[in-house]
Amino acid sequence: LDDGVLNQARIVQGVKVVGSFEDLELLVERFRARGTPISELIDTEEAPSRQHLAEVVQFATRLGIKVSRIPDFTETAQLTGQSLLQPKPIDLSDLLGRPEIAADLASVARLINGRVVLVTGAGGSIGSELCRQIAEYGPAQLVLADASELHLYRLDMELRESCPQIRIEANLVDVRDNTRVEAVFERFRPNLVFHAAALKHVPIVEENPIEGNKTNLLGTRNVAEAAVRFGASNFVLISTDKAVKPTNVMGASKRAAEAYCQSLDIASQTTLFTTVRFGNVLGSNGSVVPRFEKQIAEGGPVTVTHPEITRFFMSIPEAVCLVLNAAAAYAGRKRGDIVVLDMGKPVRIVDLAERMIQLAGLRPYIDIDIVFTGLRPGEKLHEELFDSTEVLQRAPDMPYFAASPRVIDKEVLHKTILFLEQAVEHEDRERAVELLRHIVPEFRPGAVLARDDDDYDPEAMVVRIDRKTKTRPSGPKPVA
C-alpha cells in the first residue's frame, strides 16, 4: 500500500502496489475471498508520527491484523546488518499523543563529564535509566545508592559490563538513615546528586503514612542537607504531578519535599537545587502498564478504576532526558523554581487499556473485556502538573515550563519538620498527617478533583519573561 497516487501504479520487486491505506478494509476482504487472508501490516514509513501510528494500529486491529514497523534508521545503536529491515512490534511509547523530546547533548555533557555523580534510588525505573544515560557522558565516577540489594546488584552488574571504562561504586543506602547518607557523601564528595529514591505507590503510602514521610520527606531532607554540607554543586529532586493539589499522603509528602528543596535553593550560596516534576512513566516498576500486560496475557479482563480517569504519560527515556536537560539548563531560572515538562494532553486510562489490547493483536471488549473497579483511597480522577497559583514561564524552544510555587518560611518549615519527625518516631499517624497538612495546606485527603480536559491549556497560564529587564508580573505572596 502507498498513499502516493503515482506510486499506486508501480510494481516493487515484482509485487504490485494495490492501493492506499484507506483501501485496507476493502483489500482485506478481497484477499480473504481469494483464500489469502492478511494477518500482518508492516509500516515502513520514515519517522511516522505517534498520532498516525495510533490510527494505523486502531484501524488494523479492528480488522484483526497485527501491526509492526521497521526500525528507525536514526537509532543506529539498535541496528545491525541482520535487524536493518526486520519488523519490530509497535511500542506503547510510539503511540503517545505528542512528539518525543530530545536532549541538549552538549549542555548535558558539560554538566556530567569528568565529575562525580551520585544517584539515590539508583535501582528503580527512573534511577537505573538515569545511571545508564549518565554513564554515556563520561563521569569521573558514578556512585549508585539504593536500599534494595537485588536492584543494586543487577544495575551494578549491567553497568560494569556495558561501561567498563566508568568507575562504578555500588552502595547500599537507605536515605532515611542520615548517618549512612553522610558517610557516603563524606567518602565520595559528589559534584552532582540525582535524588530519585521515593515511595511512590499511592494506596500503599496511604496505608503507611509514617513510612511515606520517612522516605519522601525526611529522606529527601537528609540527602539535600548532605549535598549542601559536602559541597555538591547541583542537586536534582525527582518529583511527581501528584504533588499538585495532593489528595493523598504520597503526593503531599512529595510536595513537602519540593518545598524543602525550594527553601535550600533560595538559601544556599553554593548548591543549585532543581526539582523536576512530571507525570506517570510508561512501564515503570508497579505501574499500570505491566499490570495491563499481565491481565491481557491471562486473557483479561483488564481492570481500570474509573471510565473517566486520566493521567499524563511519558516514556522512561523521556523522563530521564527531561531530568538531565533541566539539570544542565539552570541558567535563566529563578531560585526556587520547579521544572515541569510540557506533557501535552492527559491520556484516558481506558484509552491506554484499549491501545494495549490492540497492540497485542486483540479487540477491546470482544477478545479482552475492560471492567471498572472504582477509585482507590487517595486516588484522583485527574492529575495536574501545576497549581493555578503557580506563576509559569517558558524558555524558547524548551520542552518544559518553570513554575514558581509559594515559598514557605524556612524557619517555620524546618520547625514543623522537626515536630513531624517526633511524630514519626512515636508512630503517631494522625499527628504526622496533621503536620504534613501544615506544610502543604492544599492537601485535601480523599478528595476527588475533576477538571475539564478540553479546557486544559498550560500555555494560557504562562508568563513570558522580559529578556531585558528579567522581570515578571508579581505572583502570589509567600505564606507560612
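Let's start with contacts along the chain: of those with a separation of 6 or more, 76% are between residues 24 or more positions apart. Keep in mind that this is a predicted model. The chain has 480 residues, and 51% of them are buried. Its secondary structure comes to 14 helices and 20 strands. As for the outside, the chain exposes about 22700 Å², and carbon and sulfur atoms supply 51% of that area.

Now let's go inside. In soluble globular proteins, nonpolar side chains tend to be buried together. In this chain, the largest nonpolar core has 48 residues, and F185, V193, F235 and I439 are the ones with the most contacts inside it. Which helix gives this core its largest share? That's helix 9, residues 249-267, with nine residues. Pick out F185 and look around: leaving out residues up to four places away in sequence, F185 touches L118, P190, V193, V223, A226, A227 and F230. There's also another core lying apart from this one, made of 41 residues, including V108, I112, C131 and A319.

Next up are the aromatic rings. The structure holds three aromatic pairs. One of them is F21 with F59: the ring centres are 5.4 Å apart and the planes sit at 75°, so this pair counts as edge-to-face. Where do the two partners come from? F21 lies in the loop between strand 2 (15-16) and helix 1 (24-33), while F59 lies in helix 2 (residues 50-62), so the pair ties together parts that are 38 residues apart in sequence. F59 is buried, because its relative accessible area is 18% and the cut-off for buried is under 20%.

Helix 5 is a nice place to compare two neighbours. It covers residues 149-162, and M157 is in it. D156 is found in helix 5 too. Is D156 buried or exposed? D156 counts as buried, because its relative accessibility is 10%. Setting aside neighbours within four places in sequence, D156 is in contact with L144, I168 and A170. M157, on the other hand, counts as partly exposed because its relative accessibility is 36%. Together with L150 and Y153, M157 makes a nonpolar surface patch of about 310 Å². Here's a handy rule to go with that: an α-helix has 3.6 residues a turn, so residues three or four places apart point the same way.

Further along you'll meet helix 12, which runs over residues 349-359. Its buried residues are I349, V350, L352, A353, M356, I357 and Q358. Just after this helix comes G361, which takes a positive phi of about 80°.

Let's finish in a loop. T373 is found between strand 18 (370-372) and strand 19 (391-393). T373 counts as exposed because its relative accessible area is 53%, and the cut-off for exposed is over 50%. Which residues does T373 touch, if you don't count those up to four places away in sequence? They are T303, V304 and T305. T303 and T373 are 70 residues apart along the chain, yet their C-alpha atoms are separated by 6.6 Å. That brings us back to the start, where residues 24 or more positions apart account for 76% of the contacts with a separation of 6 or more.

Conventions
Residues numbered from 1 in each chain as written. Heavy atoms only, no water. Patch = residues over 30% accessible without salt bridge, like charges linked within 9 Å, V, L, I, M, F, W, Y side chains within 5 Å. Areas by Shrake-Rupley, 256 points an atom, 1.4 Å probe, with all protein chains shown as cover. Salt bridge = Lys/Arg side-chain N within 4 Å of Asp/Glu carboxyl O. Helix = DSSP H or I, 4+ residues; strand = E, 2+ residues; numbered from the N terminus. Buried < 20%, exposed > 50% of the residue type's maximum accessible area, 1.4 Å probe, protein only. Core = buried A, V, L, I, M, F, W, Y, C linked by side-chain atoms within 4.5 Å. Contact = heavy atoms within 4.5 Å. Phe/Tyr/Trp six-rings, centres within 6.5 Å; stacked < 30°, edge-to-face > 60°.
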